[in-house]
Amino acid sequence: MLMHAVSPDSPPARTPWYRVLYLQVLIAVVLGILIGHFTPDWGKALDPLSKGFISLIKMMIAPIIFCTVVNGIASVGDVKKLGRVGGKTLLYFEVVSTLALIIGLVVVNTLRPGDGFNVDVTTLDAKDVAKVQGYAGQAQGMTKTGFILDIIPKTFLSAFTGDNLLQVVFVAMLTAFAIAGLGERGKPVLRVVDQASEVFFGIMRQLIKLAPLGALGAMAHTVGSYGIGSLQQLLKLMAGFYLTSALFVVVVLGLIARVAGFSIFRFLFYIKEELLVVLGTSSSETVLPQMIQKLRGLGCAPSTVGLVIPTGYSFNLDGTNIYMVMGAVFLAQATNTTMDLWSQLGLLGVAMVTSKGASGVTGAGFITLAATLQAVPGVPVAAMALILGIDRFMSECRSLTNLVGNGVATVVISRWEGELSAEALRANLREPIPPPPPNS
């Protein structure tokens with residue numbers, strides 16, 4: 001009986017299409033829309049699938065971020081490099097975030113989606129207004145001083161039980177410097193952190209298989225609660241926001257990517273699975289661990305990835321910036337509130353501060369919009385009830401734009417630092433290198 005040996009150079013067997021994650025998520029999104037449209041009550045009942053999946057993912061984000069930052073910084077042990085990368089990162093974030101705000105302001109004044117609404121806030125649904133007041137209450141504590149002080153956790157462990165990623169980054173950086181300062185004695189501790197990260201990433205690989213269920217529940221609940229018909233009245237605002245975000249990604253981020261030596265479209269294809277998971281769950285945090293691995297697979301240094309990605313979730317929210325200025329000016333137009341050039345420039349300045357308090361979680365953009373309106377006189381906060389019903393659909397676009405923006409930022413900073421060449425980057429976008437093994 002003849003046995004045919006398998007050549008070691010033979011290509012690996014192709015994964016059946018029905019086991020490809022991004023196709024599963026895409027199918028789940030379509031099914032969720034159909035369920036929510038034709039059986040709204042059943043669609044609403046599927047919301048726990050989405051909430052459960054997001055909770056499972058968030059459970060693992062803090063330890064993964066901690067291990068990634070500690071391993072990245074302590075293994076390098078170069079304080080000067082950390083300061084250099086941190087300075088470049090904050091400069092990049094501020095410039096690109098400001099561009100996003102300006103583009104949103106230009107588009108909303110050009111399209112004027114709020115004209116013709118002539119809304120009297122006293123006639124809005126009382127339940128919706130009450131919800132908006134709740135968001136406004138959460139936004140009252142979003143001051144610049146409060147934001148800075150909130151980076152310091154109450155205890156070392158409390159950083160891992162809250163929702164502020166910057167607290168985790170802060171604690172991780174202190175830990176990394178302490179380990180680096182121990183010299184040879186710190187290496188065993190670093191190996192433990194490295195091995196722990198492998199365990200956490202292993203858990204995440206299991207949890208992410210549930211993404212289709214999370215996407216199904218989220219879309220079914222959203223369409224079942226608000227209905228596709230609810231989009232018609234505010235379609236101009238939604239279309240303008242999606243168009244603006246797409247132009248920002250293709251034109252602004254596309255030009256930045258071209259200067260850095262890679263194609264934005266190739267990058268989008270590279271993170272297609274993550275984009276579809278975010279589309280289904282409306283939260284960019286659900287794919288943060290996978291983005292860390294994907295960016296390391298491109299050749300970005302672990303220290304750069306560990307610093308730029310978590311920080312970007314608070315300081316580089318391009319989609320949220322576009323949403324805030326477009327939403328605020330739309331509400332001014334809809335309520336016939338006059339906003340001259342100086343008022344809109346003031347709005348831009350306020351949004352530059354309030355946007356830093358947002359995160360990748362669903363609903364955070366709505367809270368930051370409330371904080372922005374409270375700081376801008378004239379536009380009634382209660383008018384936000386007008387767009388409450390479409391916020392979930394807007395949240396998807398915000399999260400997608402934020403995700404792409406932070407991914408591009410990491411690659412650009414890595415190229416800026418000379419960690420990989422343009423040729424290597426383009427090659428890795430086609431065929432990514434595997435993540436480094438533990439203790440490498």
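Glu-274 and Lys-294 pair up through their side chains in a salt bridge, at 2.9 Å from N to O. Keep in mind that this is a predicted model. Glu-274 sits in helix H12 (residues 272-281) and Lys-294 in helix H13 (residues 288-297), so the pair ties together parts that are 20 residues apart in sequence. With a relative accessible area of 5%, Glu-274 is buried, because anything under 20% counts that way. The general idea behind such pairs is simple: side chains of opposite charge can pair when their charged atoms come close.

That bridge has company, as the structure holds seven salt bridges. Take Lys-187 and Glu-184, whose side chains meet at 3.1 Å, N to O. Here Glu-184 is exposed, with a relative accessible area of 61%, while Lys-187 comes in at 43% and is partly exposed.

Then there's helix H19 (residues 422-430), which carries both Glu-423 and Arg-426. The two are three residues apart, about one turn of the helix, and their side chains form a salt bridge at 3.9 Å, N to O. The cut-off for a salt bridge is 4 Å, so the pair at 3.9 Å still counts. On the accessibility side, Glu-423 counts as exposed at 51%, and Arg-426 as partly exposed at 36%. Salt bridges can also link up into a network, and Arg-84, Lys-88 and Glu-417 do just that.

Now let's turn to how two of the helices pack. Look at helix H10 (residues 235-260) and helix H18 (residues 391-416): their axes are 11 Å apart and the packing angle is about 5 degrees. That makes H10 roughly parallel to H18, because angles under 35 degrees fall into that class.

What does H10 bring to its meeting with H18? On the H10 side, the residues in contact include Leu-237, Met-238, Phe-241 and Tyr-242, and further along Phe-248, Val-249, Leu-253 and Ile-256. H18 answers with, among them, Phe-393, Met-394, Cys-397, Val-404, Val-408 and Val-412. Ser-245 of H10 also takes part, as do Thr-401 and Gly-405 of H18. Glu-396, Arg-398 and Arg-415 join in from the H18 side too. Sorted by class, the contact of H10 with H18 has 15 nonpolar, three polar and three charged residues.

Definitions and conventions: Residues are numbered from 1 along each chain as its sequence is written. This is a predicted model: local features need pLDDT of at least 70, side-chain atom pairs count only at pLDDT 80 or more; totals for chains, interfaces and linings use all residues. Side-chain values use heavy atoms; hydrogens and water are left out. Axes are lines fitted to C-alpha atoms, for helices over the stretch in contact, and angles run from 0 to 180 degrees between N-to-C directions. Helices (H or I, at least four residues) and strands (E, at least two) are DSSP runs, numbered from the N terminus. Angles under 35 degrees count as roughly parallel, over 145 as roughly antiparallel, 65 to 115 as roughly perpendicular and the rest as oblique. Contact means heavy atoms within 4.5 Å. Ala, Val, Leu, Ile, Met, Phe, Trp, Tyr, Cys and Pro count as nonpolar, Asp, Glu, Lys and Arg as charged, and the others, Gly among them, as polar. Buried means under 20% relative accessible area, exposed over 50%, partly exposed in between (1.4 Å probe, protein chains only).
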